Amino acid sequence: MITITSTRAKELIKESKGLIFSTTFIKKDNTIRTLTSRTGKQYKSKTGIEPPYKPSDYNLIPLYDMRKKAFRMLNFNTLLTLSINKTKYIIK
């Protein structure tokens, strides 16, 4: 496994252009979760209301969860591992 920073992990995810990848991170309740997701899909609000905050201000990125078929936010402050393009990374 290759060790990278969370900034480099963010760049790799943004460069994935819709490829499916896997991440492991710590949730708010301190449990570890594995997320299989992709970028490229955009969330459309049914009510047309804008979100109350910008995810980039809080070091978050919106992703589409492939297993639960719903949108999730990935917090780069709690990111542990990233598996993308058949390469596994450990986040330092």
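Q: How far apart are the closest N and O atoms in the salt bridge that R8 forms with E11?
A: In this predicted model, local features need pLDDT of at least 70 and side-chain atom pairs count only at pLDDT 80 or more, whereas totals for chains, interfaces and linings use all residues. Residues are numbered from 1 along each chain as its sequence is written, and side-chain values use heavy atoms, with hydrogens and water left out. A salt bridge is a side-chain nitrogen of Lys or Arg within 4 Å of a carboxyl oxygen of Asp or Glu, and for R8 and E11 the closest N and O atoms are separated by 3.2 Å.

Q: How many residues apart are R8 and E11 in helix α1?
A: Helices (H or I, at least four residues) and strands (E, at least two) are DSSP runs, numbered from the N terminus, and helix α1 covers residues 6-15. R8 has a relative accessible area of 35% and E11 one of 36%, so each counts as partly exposed, a class that lies between buried (under 20% relative accessible area) and exposed (over 50%), with a 1.4 Å probe and protein chains only. The two residues are about one helical turn from each other because their spacing in α1 is 3 residues.

Q: Which strand holds D65, the partner of R33 in a pair that links distant parts of the chain?
A: Side chains of opposite charge can pair when their charged atoms come close. R33 and D65 form a salt bridge with 2.7 Å between the closest N and O atoms. The two residues are 32 apart in the chain, and while R33 belongs to strand β3, D65 belongs to strand β4 (residues 60-65).

Q: Is D65 buried or exposed?
A: R33 and D65 share one burial class. For D65 the relative accessibility is 2%, so the residue counts as buried.

Q: Which residue is linked with R33 and D65 in a network of salt bridges?
A: Besides its pairing with R33, D65 forms a salt bridge in which the closest N and O atoms are 4.0 Å apart. The partner in that second pair has a relative accessibility of 30% and therefore counts as partly exposed. The residue that joins R33 and D65 in the network is R72.

Q: At what distance does the side chain of D65 reach the backbone nitrogen of K68?
A: A polar contact is a pair of N or O atoms within 3.5 Å; within protein, one must be able to donate a hydrogen and the other to accept it, and residues adjacent in sequence count only if both atoms are side-chain atoms. The D65 side chain makes such a contact with the side chain of R33 at 2.7 Å. From the side chain of D65 to the backbone nitrogen of K68, the distance is 3.5 Å.

Q: What is the relative accessible area of S37?
A: S37 lies in strand β3 (residues 32-38). Contact means heavy atoms within 4.5 Å, and, not counting residues up to four places away in sequence, S37 touches L19, I20, F21, L63, Y64, D65 and M66. S37 counts as buried because its relative accessible area is 0%.

Q: How many residues are in the largest nonpolar core?
A: A nonpolar core is a set of buried Ala, Val, Leu, Ile, Met, Phe, Trp, Tyr and Cys residues joined through side-chain atoms within 4.5 Å. The members that touch the most others are A9, I13, L63, L74, F76, L79 and L82, in a core whose number of residues is 16.

Q: How far apart in space, C-alpha to C-alpha, are Y64 and Y43?
A: Y64 is part of strand β4 and, at 13% relative accessibility, counts as buried. Leaving aside neighbours within four places in sequence, its contacts include T36, K41 and F71. Y64 and Y43 are 21 residues apart in sequence, and their C-alpha separation is 8.7 Å.

Q: How far apart in space, C-alpha to C-alpha, are Q42 and N30?
A: Q42 sits in the loop between β3 and β4, and its 57% relative accessibility means that Q42 counts as exposed. With their positions 12 residues apart in sequence, Q42 and N30 have a C-alpha separation of 28 Å.

Q: About how much accessible area do I26, I32 and L80 have together?
A: Patches are made of residues with over 30% relative accessible area and no salt bridge, with like charges joined within 9 Å and nonpolar side chains (Val, Leu, Ile, Met, Phe, Trp, Tyr) within 5 Å. Accessible areas come from the Shrake-Rupley method with a 1.4 Å probe, and for residues only the protein chains shown count as cover. I26, found in strand β2 (residues 21-26), forms a nonpolar surface patch with I32 and L80, and their accessible area together is about 240 Å².
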